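Thanks for coming, everyone. Please have the sequence and the 3D view open while I talk.

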Amino acid sequence: MADQLVVDGQLQEYVRQMSLRDDDILRALRAETAGMPMLRAMLVLPEEAQFLALLVRLTGASKVLEVGTFTGYSSLCMARALPSHGSLVTCDNSERWTRIATRYWQQAGVADRIDLRLGDAADSLDQLAGETGADSFDLAFIDADKANYLRYYEQCLDLVRPGGLLVLDNTLFFGKVIDPAAQDPDTLAIRELNTRLRDDERVEISMLAVADGLTLVHKKLERKPR
Ligand code: CA
């Protein structure tokens, strides 16, 4: 069996140089977010956001759901990848961060296709389910408070159509998932989520050791167990 390549900073930089399609708006948003030192770890890697945008294109998604907007970088990238009739609903409880997001969405000309839901994300998702019903999104990206990941996962699995895709960020959680000394609620929640995903017969999965761990979840067309 081949080995998983260990990607150090230099190799990561090479990946970036060889693949990142960057522009002034994305650079400015990254710079502004990096100015918040305690929070910058919450920003997705630029190549990861580009991957999300590619997933939107590959799946032909026109209705995208995001849990955890933060400063709107991944929303911006995914919104750009939508077809002209597409839309993205994104949930966050921070007015301060999403104010930054909104400014950049406007600059990028995608604000009209993004529907920001401010407030507790689980409540927003419940509300959304009441509005749109189940099976109404093509793709969901979950990147919010880890303690509630399982709840968000169940809610999003309901909201995404059969055949649709869910993407969960931080599923390796700084590598803490394999550290027995790490018993904080966030790590415990991610471990529990990973175990549940592994055993979940409703979906097919692929856990990618990129960035901080990214798990792709395909909602099966038929819910019958194999
Ligand atoms: Ca994240």
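**A walk from the core to the surface**

Let's start at V56. V56 is buried, with a relative accessible area of 1%. The cut-off for buried is under 20%, so V56 qualifies. One caution before I go on: this is a predicted model.

Where does V56 sit? V56 lies in helix α3. That helix covers residues 46-59.

What does V56 touch, leaving out residues up to four places away in sequence? The list is A61, V64, M78, A81, L82 and L139. Now find P83. P83 and V56 are 27 residues apart in sequence. In space, their C-alpha atoms are 9.4 Å apart.

V56 also belongs to a bigger picture. The largest nonpolar core has 37 residues. V56 is among those with the most contacts inside this core. The others on that list are V64, Y73, L76, M78, L139 and V167.

Which elements each supply at least two residues of this core? The helices are α2 (24-34), α3, α4 (73-80) and α5 (95-108). The strands are β4, β5 and β7 (214-219). Helix α5 gives the most, with 6 residues. There is also a second, separate core, with 29 residues. It includes V67, A122, A144 and V217.

Stay on helix α3, but go to its other residue on my list, P46. P46 lies in this helix too. Is P46 buried or exposed? P46 counts as buried, because its relative accessibility is 8% and the cut-off is under 20%. P46 touches R16, L20, R30 and Y73, again not counting residues up to four places away in sequence. Y73 came up a moment ago, as one of the core residues with the most contacts. Also look at S74. S74 is 28 residues from P46 along the chain. Their C-alpha atoms are separated by 8.5 Å.

Next stop, the calcium ion. Which protein atoms are its donors? D143 appears twice, each time through an OD atom. D169 gives an OD atom, and N170 gives OD1. These donors lie 2.3 to 2.9 Å from the ion. In sequence, the donor residues are spaced D-x25-D-N. So where are the two aspartates? D143 is in the loop between β4 (137-142) and α7 (149-159). D169 is in strand β5 (residues 160-169). They are 26 residues apart, and the pair links distant parts of the chain. Both D143 and D169 are buried.

Now for charges. Side chains of opposite charge can pair when their charged atoms come close. How many salt bridges are there here? The count comes to 17. I'll show three.

The first is R161 with D138. Their side chains meet at 2.7 Å, N to O. R161 is in strand β5, and D138 is in strand β4. The two residues are 23 apart, so this pair too links distant parts of the chain. R161 counts as partly exposed, at 28% relative accessibility. D138 is buried, at 12%.

The second is D115 with R117. This salt bridge is 3.0 Å, N to O. D115 is partly exposed, with a relative accessible area of 31%. R117 counts as buried, at 16%.

The third is R27 with D24. Their side chains meet at 3.0 Å, N to O. Both are in helix α2. They are 3 residues apart there, which means about one helical turn separates them. R27 is partly exposed, with a relative accessible area of 40%. D24 counts as exposed, at 59%. This pair has company. Salt bridges that share partners join D22, D24, R27 and R30 into one network. You met R30 earlier, as a contact of P46.

Last stop, the surface. Which residues make a nonpolar surface patch of about 310 Å²? They are Y14, V15 and M18. V15 is in helix α1 (residues 9-19). V15 is partly exposed, with a relative accessible area of 34%. Compare V56, where we began: that valine is buried, at 1%.

That's the tour. Questions, please.

How values were computed:
Residues are numbered from 1 along each chain as its sequence is written. This is a predicted model: local features need pLDDT of at least 70, side-chain atom pairs count only at pLDDT 80 or more; totals for chains, interfaces and linings use all residues. Side-chain values use heavy atoms; hydrogens and water are left out. Helices (H or I, at least four residues) and strands (E, at least two) are DSSP runs, numbered from the N terminus. Buried means under 20% relative accessible area, exposed over 50%, partly exposed in between (1.4 Å probe, protein chains only). Contact means heavy atoms within 4.5 Å. Donors are N, O and S atoms within 2.8 Å of the metal (3.2 Å for Na, K and Ca); water is not among the atoms, so sites may look incomplete. Patches are made of residues with over 30% relative accessible area and no salt bridge: like charges are joined within 9 Å, nonpolar side chains (Val, Leu, Ile, Met, Phe, Trp, Tyr) within 5 Å. Accessible areas come from the Shrake-Rupley method with a 1.4 Å probe; for residues, only the protein chains shown count as cover. A salt bridge is a side-chain nitrogen of Lys or Arg within 4 Å of a carboxyl oxygen of Asp or Glu. A nonpolar core is a set of buried Ala, Val, Leu, Ile, Met, Phe, Trp, Tyr and Cys residues joined through side-chain atoms within 4.5 Å.
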